[in-house]
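Me: Could you take me through this structure step by step? I am in my first year, so plain sentences would help.

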Amino acid sequence: MSEEVIGSAPRFSVIVPVYKVQGYLRECLDSVLSQDFADFEVIAVDDRSPDGCGAILDEYAARDTRVTAVHRAENGGIGQARNTGVERARGDYLLFLDSDDTFAPGAFRAMADRLVQTSDPEILLFDHVRTYWWDKVQPSASGELLAQTGTETFRPADHLESLNLFAVVWNRAFRRDFFTGNGFAFTDGVYEDALMVYTTMLTAETAGCLDQVCVEYRQRRQGNSMKTPGRTHFTIFEQYRRLFAFLGTRPDLDRVRPLMFERMVSHFLFTFARENRVTPADRPEFFHRAAAMYRYLEPAGFVVPAGLDGAKYQALRRGSYPAFQALKLVNGARVSGRDRLRKARRTLGKQAFQRFYQLQLRRPVDENLAVYSAYWNRTPACNPLAVYEKAKELAPHVHGVWVIRKGAEDTVPAGVDFVVANSPRYWEVMARAKYLINNVNFAGDIVKRPEQVHLQTHHGTPLKRMGIDQQKYPAAAKGMSMRKLLERADRWDLSLTSNQHSAEQWERVYPCAFRSLDAGYPRNDVYYRATAEDVLAIRDRLGIAPGRTAVLYAPTVRDYQAGYVPRMDLERVTHELGEDVVLLVRTHYFYGADPRLVELQERGALIDVSTYPVVEDLCLAADALITDYSSIMFDYANLDRPILTYADDWDVYVRSRGVTFDLLSGEPGETPGVIATNEDELIDAFRSGRWDGAEATALRAAFRARFCQWDDGHAAERVVRALFLGQGPKPAALPLAERTVAPSPRAAVAAVPGAVSVPTAEVSAADVELAG
């Protein structure tokens, strides 16, 4: 084993180019920083990323001195970002890691040991695996070849089989003096890896191999630049022109030209065959440019491969595009009209595939029509409702229509236009509305037209695992098709977020092509706009007696349990807390009415608010919140009132559902206040005053700073301006210190003349100031 010497010149310099990968960046950096071989530096280059990547890099750099965050003034592409990293590197060896990939555990230790065993070659090649969103792990085709070399070194130009390894820079380590001494630098544009790999391999005098998997190469479902169709893929011609220009300066490498020519043509054909790279409109031009380079660079006496590949080479040499089409060289990407119809029927389903809907889909999109839905068509609510209300004010030209499930029509407020799901008008508005706004997904049989704009507002900040993460938790994913889930998420154009944590999670667990709209949650605007009179009026409607401390208890659903199971003895807790405290109990909306809660309410032990339609009212009325793992904690934190975490089954919940951070860690930014794991601890928290003490207040402040990042009372305005008016998410969110939240019930009493005072505690000067 090699010895670790941490000094001014680390063994490895890990260069990470960063652009629009906020959903994957933490995992990437963590895979580096958790290596058991610690003699390295990380140079992470923010290539003017428009999302939260720059802030993430600064966060990591602040807490680990091995990380250097470099922010480029302008976006220059992955090649320029890597060059920037090389300029800053001090290590013996350069490692290039793409920011959506990860290093495998133990990778650095294995590399360091093999470098010692091979006497520090100029290049060390190592193995990788491909990982897929459905948890498949695919070995590379390189393992056997890498294993054959053992601890021997070789000259790559004399062992041409080494040039058949996957031509990327992240599956090899470059000795820095070799790399910089020969003046290697990445070029602009995509396919820069192939040029760098071949020129460095053909220059190196010594190379070694390591047959251990060191890199986990993420196969992104969407978002990878190599899978984005467009003219950028024409850069491949310039990259290979540069390669052959390099070969022209090295007569000693003439024997390598046939192999490089074959690799070039194979790369052209591979790229051409994929519609996610070369669009149908660009195919003729791409083909003719490939054919021209074939004829110009073909080595004398070149022998084409046998079989179908040979036919492809011959067709390209002749420059006959019709011959390419005859050979079906697009890898089956073209689908017959009959196949398209069958696929459409499967997608739409039997009920939706009716002539009426198809006719509506052929009509023009109504530029001034928006369709709203919330909680699977239950009733107008949540973020969509707040957007709807603000749109009536700022974008009155856009007519809003709500989708409501059959039987729930009487829940719609007077004056609100709505359609019943699956009615004829439902199919009409779904086909023709310019805007689709929902906090869950619309039904799978809905066709998203290219002209339509879909805003996914979500309905909470994710503590629990969501999206593709649920695959690891059978109880959470029971009966769920991940492929169908992602097909529905493919319809999203915008994903609304209220904090950076959510933005990162949504992009990672829903690997689709949407854009994050960092505007805050419109449903939380009321926490900054409600008045003292509003707070007191809500308490009066709920039947909260004057002078009582109201505590909202809102537990979340348990995937491992069927039906509502009380997590605490509510009768005992209410008795122990005393007459001055009243519990408002709200079960999750997945559950129906609970007879036990009804009985306790009739006895005056608590107030059952499970069916109360507006959860924001409940939060405004409550002096404190008790919850477990419900996302209500993130919304309630806006009010800056005490939050108690009652987690009697944390270990079970984590194993059955998974979590995105440790809620019970007690660390600032993770724990919102007092933690109780049993009834005795919960009761003691109130009796001792810890529920609203200095420690709980400090934890709450850090929690608010992290999770109420873009909630300031203007979220709905930002959404409406961005969605309907094309103005971007303006105005920017106010700093936390400049926001004024709705007054607490205690402060509301102090602010409203004639209101009944609260005898259980004195009104502080801070409460009076807050109310004003």
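Me: Is C214 buried or exposed?
Reply: The model is a predicted one, and in it C214 counts as buried, at 0% relative accessibility.

Me: Which cysteine sulfur is closest to that of C214, and how far away is it?
Reply: The closest cysteine sulfur belongs to C209, and it lies 12 Å from the sulfur of C214, too far for a bond. As background, a disulfide is a covalent bond between the sulfur atoms of two cysteines.

Me: How many disulfides are found in the whole structure?
Reply: A search of the whole structure gives zero disulfides. C53 is likewise in no disulfide, and the nearest cysteine sulfur to it, that of C28, is 10 Å away. C53 is buried, with a relative accessible area of 0%.

Me: Let us change topic to helix 3. Which of its residues are buried?
Reply: Helix 3 covers residues 78–88, and its buried residues are G79, A81, R82, N83, T84, G85 and V86.

Me: What do those buried residues of helix 3 pack against?
Reply: They pack against strand 1 (12–18), strand 2 (40–46), strand 3 (67–71) and strand 4 (93–96), and also against helix 6 (176–181) and helix 7 (192–203).

Me: Now the sheets, please. What is the order of the strands in the open sheet of seven?
Reply: The order is 12-11-10-13-14-15-16, and the pairing is parallel. Strand 12 (418–420) and strand 16 (515–518) stand at the edges; each has a single partner strand, so one side of each is left without a neighbour in the sheet. On average, neighbouring strands of this sheet are turned by 25 degrees against each other, direction ignored.

Me: How many bridges pair strand 10 with strand 11?
Reply: Strand 10 (residues 366–373) and strand 11 (residues 399–404) pair over four bridges, in the parallel sense. Within this pair, V371 stands opposite V401 in strand 11.

Me: Which strands does helix 29 touch?
Reply: Helix 29 (residues 715–723) packs on the sheet and touches strand 13 (433–438), strand 14 (453–456), strand 15 and strand 16. The direction of helix 29 makes about 160 degrees with that of strand 14. Helix 19 (residues 500–509) lies across strand 15 (494–497) and strand 16, and runs at about 145 degrees to strand 15.

Me: And the open sheet of six strands, what order does it have?
Reply: That sheet has the order 19-18-17-20-21-22, with parallel pairing. Its edges are strand 19 (607–608) and strand 22 (674–676); each has a single partner strand, so one side of each is left without a neighbour in the sheet.

Me: How many bridges join strand 17 to strand 20?
Reply: Three bridges join strand 17 (residues 549–553) to strand 20 (residues 624–627), and the two run parallel. L552 stands opposite L625 in strand 20. Helix 22 (residues 570–577) lies across strand 17 and strand 18 (581–585), at about 150 degrees to strand 18.

Me: One last residue: where is Q360 found?
Reply: Q360 is found in helix 14 (residues 355–362), and it is buried, with a relative accessible area of 6%.

Me: What is Q360 in contact with, leaving aside its neighbours within four places in sequence?
Reply: With those neighbours left aside, Q360 is in contact with W427, E428, A431, R432 and R449. The side chain of Q360 also makes a polar contact with the side chain of R363, at 2.9 Å.

Terms used:
Residues numbered from 1 in each chain as written. Predicted model: local features only at pLDDT ≥ 70, side-chain atom pairs only at ≥ 80, totals over all residues. Heavy atoms only, no water. Pairing = 2+ DSSP bridges. Contact = heavy atoms within 4.5 Å. Axes fitted to C-alpha atoms, helices over the stretch in contact; angles between N-to-C directions. Buried < 20%, exposed > 50% of the residue type's maximum accessible area, 1.4 Å probe, protein only. Polar contact = N/O pair within 3.5 Å; in protein donor to acceptor, adjacent residues only side chain to side chain. Disulfide = S-S within 2.5 Å.
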